[in-house]
Amino acid sequence: MFYDEVEIYVKAGDGGNGAVAFRREKYVPYGGPSGGDGGKGGDVVLVVNPHLNTLYAFTNQREFIAQNGEHGRNKDQFGAGGATLVIQVPAGTVVTDAETGELVVDLTQPGQEFVVVRGGKGGRGNKRFATSTNQAPEIAENGDPGEARRLKLELKLLADVGLVGKPNAGKSTLLAVTTAAKPKIAPYPFTTLEPQLGVVALGRDETFVMTDLPGLIEGASEGRGLGLEFLRHIERTRVLIHVLDATAPDPLEDFATINAEMVSFGHGLAEKPQLVAINKLDMPEGRERFPALKAAIAAQGYEVFGISGLTREAVRSLIGRTYQLVQATPIRETQGIVPQSITPPPAEEGFSIARDADGTWVVSGGKVERAVLRTNLNYFDSLLRLHAYLEHQGVIKALREAGVQEGENVRIGEYELEWRDEE
Ligand SMILES: Nc1nc2c(ncn2[C@@H]2O[C@H](COP(=O)(O)OP(=O)(O)OP(=O)(O)O)[C@@H](O)[C@H]2O)c(=O)[nH]1
Ligand SMILES: [Mg+2]
């Protein structure tokens, strides 16, 4: 199997912090709280773009960080939400968590979207905390941090373009000079036993997958040579490049033989768009025969290129034209539809208490640590609220039961306090 794979880092935007502010108006002696909420951080979303067929675009960018939400401001102004960051992937991309190896999502349908990390909620401003008993609360929440994770993207490559031709025509050489693939090349027939796949990239979003195939000979469709098995490989391609060796004894006959084999194999091979690359024009003999060969093949209705895989002459224009044809030829059907599966977020209920080497009590647990992150520790009212929350969650009681003593340090996430027992 041939895979294109890449590891990326995605981070959603942090939520903006809520603001603590009070109205100060000339004729309003006790202006009320007016701190606005922070905006939500942007999500990171994967979207299937049916025009992509490789993960090549990720060679330039591997980190995707969505915008943070803006902080809330005074005068009841809410922070703006961070923009969603959209990452385009080809159909057939399988996404797993790079750390756990767990399947995140299987993206199969054009247009299918999946949120891979969610932006943090914006913190609430102090306006939200006014109550009948506390009309001037100095409480504001911090925004939640955006989620972050490393993802592995994997795509099973299917060749868009197949190189067909007689053994020794120069198919593997052409693959080697246009892609990063390292196929075996040698001056004798049947060098290629296992076809290689390579990504041909004209630009960041202009790519196609090409494969060299073992040379075909007369009778291949009946199982002679190595052909039959590999004719099945070409069945799925969209465009064929027929490579002809201009220095072979009878290139025109070679051309006819291969086409006849494709017709007898059936399965629509003969109907695929076919470009003809007359190869080895760096050889004087090839150069000399080229005009007549070109005329004879063009007369059969084919588009002909005269190239040299060795010196790369005209290889670029052949590739450019191939790309156009790939674009114009309907996409192969997806190989079965895999239902979308979603990893549930890890359970973060509960907390645990431990002591580290220097005697500090450490409280850990997603829920309580998030509460600490959300607290703006600069405001006394916010701290009181955090303590009420910890009390309610049973953290204070559990610490007491664990035996925490007056004057000892307790750490919850970023927050450290010295224990004072009021009872
Ligand atoms: N002079 C010249 N030699 C070439 C050119 N392209 C390929 N060759 C040579 O032709 C021989 C066969 O090349 P391959 O690329 O292995 O041919 P192939 O079509 O993949 O052959 P099989 O895998 O056996 O079917 C090698 O010796 C290459 O160096 C070319 O443009 N000019
Ligand atoms: Mg080969």
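This note goes through the predicted model point by point, from domains down to single residues.

1. **Domains.** The chain splits into three parts: domain 1 (3-156), domain 2 (161-328) and domain 3 (352-418). The centres of domain 1 and domain 3, taken over C-alpha atoms, are 27 Å apart. Domain 1 puts 11 residues into the contact between these two, and domain 3 puts in 10 residues. On the domain 1 side, the touching residues comprise 5 nonpolar, 3 polar and 3 charged.

2. **The main core.** The largest nonpolar core holds 64 residues. Those with the most contacts inside it are V44, L163, M210, L244, A277 and I278. Domain 1 (3-156) and domain 2 (161-328) each supply at least three residues to this core. Another core, of 8 residues, lies apart from it. Its members include W361, A371, L390 and I412.

3. **A277 close up.** What does A277 touch, leaving aside residues up to four places away in sequence? Its contacts are I241, H242, V243, L244, F305, I307 and L318. L244 is also among the residues with the most contacts inside the largest core.

4. **Strand β9.** This strand covers residues 161-165. Is it enclosed or open to the outside? It is largely enclosed by the rest of the structure, because 5 of its 5 residues are buried. In a regular strand, side chains alternate between the two faces of the sheet. In β9, V161, L163 and G165 point one way. G162 and V164 point the other way. Residues on both sides are buried.

5. **Partners of β9.** Strand β11 (residues 206-212) runs parallel to β9 and is joined to it by 3 bridges. Within that pairing, L163 has D212 as its bridge partner. Strand β12 (residues 239-245) also runs parallel to β9, with 5 bridges between them. Here V161 is partnered by V239.

6. **Helix α1.** The helix spans residues 171-178. It is mostly covered, with 6 of its 8 residues buried. The buried ones are K171, S172, T173, L174, L175 and T178. What covers them includes β9, β10, β11, β12 and α5 (315-328).

7. **Around ligand 1.** How many residues surround ligand 1? There are 25, and the closest are G170, S172, T173, T192 and G215. Helix α1 gives the most to this shell, with 3 residues. S172 and T173, listed among the closest, are also buried residues of α1. By class, the shell has 10 nonpolar, 11 polar and 4 charged residues.

8. **N168.** This residue sits in the loop between β9 and α1. Its phi is positive, about 75°, although N168 is not a glycine. The buried class starts at 20 other C-beta atoms within 10 Å. N168 has 19, so it counts as partly exposed. A reader checking backbone geometry can look here and at D76.

9. **D76.** Phi of D76 is near 60°, a positive value in a residue other than glycine. D76 belongs to the loop between β3 (63-65) and β4 (85-89). Buried, exposed or partly exposed? D76 is partly exposed, because 17 other C-beta atoms lie within 10 Å.

10. **P189.** The loop between α1 and β10 (197-203) holds P189. With 14 C-beta neighbours inside 10 Å, P189 is classed as partly exposed. Beyond residues up to four places away in sequence, P189 touches P167, N168 and G215. N168 is the loop residue of point 8, with positive phi. G215 is listed among the residues closest to ligand 1. By contrast, I87 is 44 Å from P189, C-alpha to C-alpha, at a sequence separation of 102 residues.

11. **G320.** G320 is part of helix α5. It counts as exposed because it has 11 other C-beta atoms within 10 Å. R385 is 65 residues away from G320 in sequence and 65 Å away in space, C-alpha to C-alpha.

Notes:
Residues are numbered from 1 along each chain as its sequence is written. Chains are lettered from A and ligands numbered from 1 in the order in which they are written. This is a predicted model: local features need pLDDT of at least 70, side-chain atom pairs count only at pLDDT 80 or more; totals for chains, interfaces and linings use all residues. A nonpolar core is a set of buried Ala, Val, Leu, Ile, Met, Phe, Trp, Tyr and Cys residues joined through C-beta atoms within 7 Å. A residue is buried if 20 or more other C-beta atoms lie within 10 Å of its own, exposed if 12 or fewer, and partly exposed in between; C-beta atoms are placed from the backbone. Domain bounds come from an automatic or database domain assignment. Two residues are in contact if their C-beta atoms, placed from the backbone, lie within 7 Å. Ala, Val, Leu, Ile, Met, Phe, Trp, Tyr, Cys and Pro count as nonpolar, Asp, Glu, Lys and Arg as charged, and the others, Gly among them, as polar. A residue is near a molecule or strand if its C-beta atom, placed from the backbone, lies within 6 Å of it. Helices (H or I, at least four residues) and strands (E, at least two) are DSSP runs, numbered from the N terminus. Two strands pair if DSSP finds at least two bridges between them.
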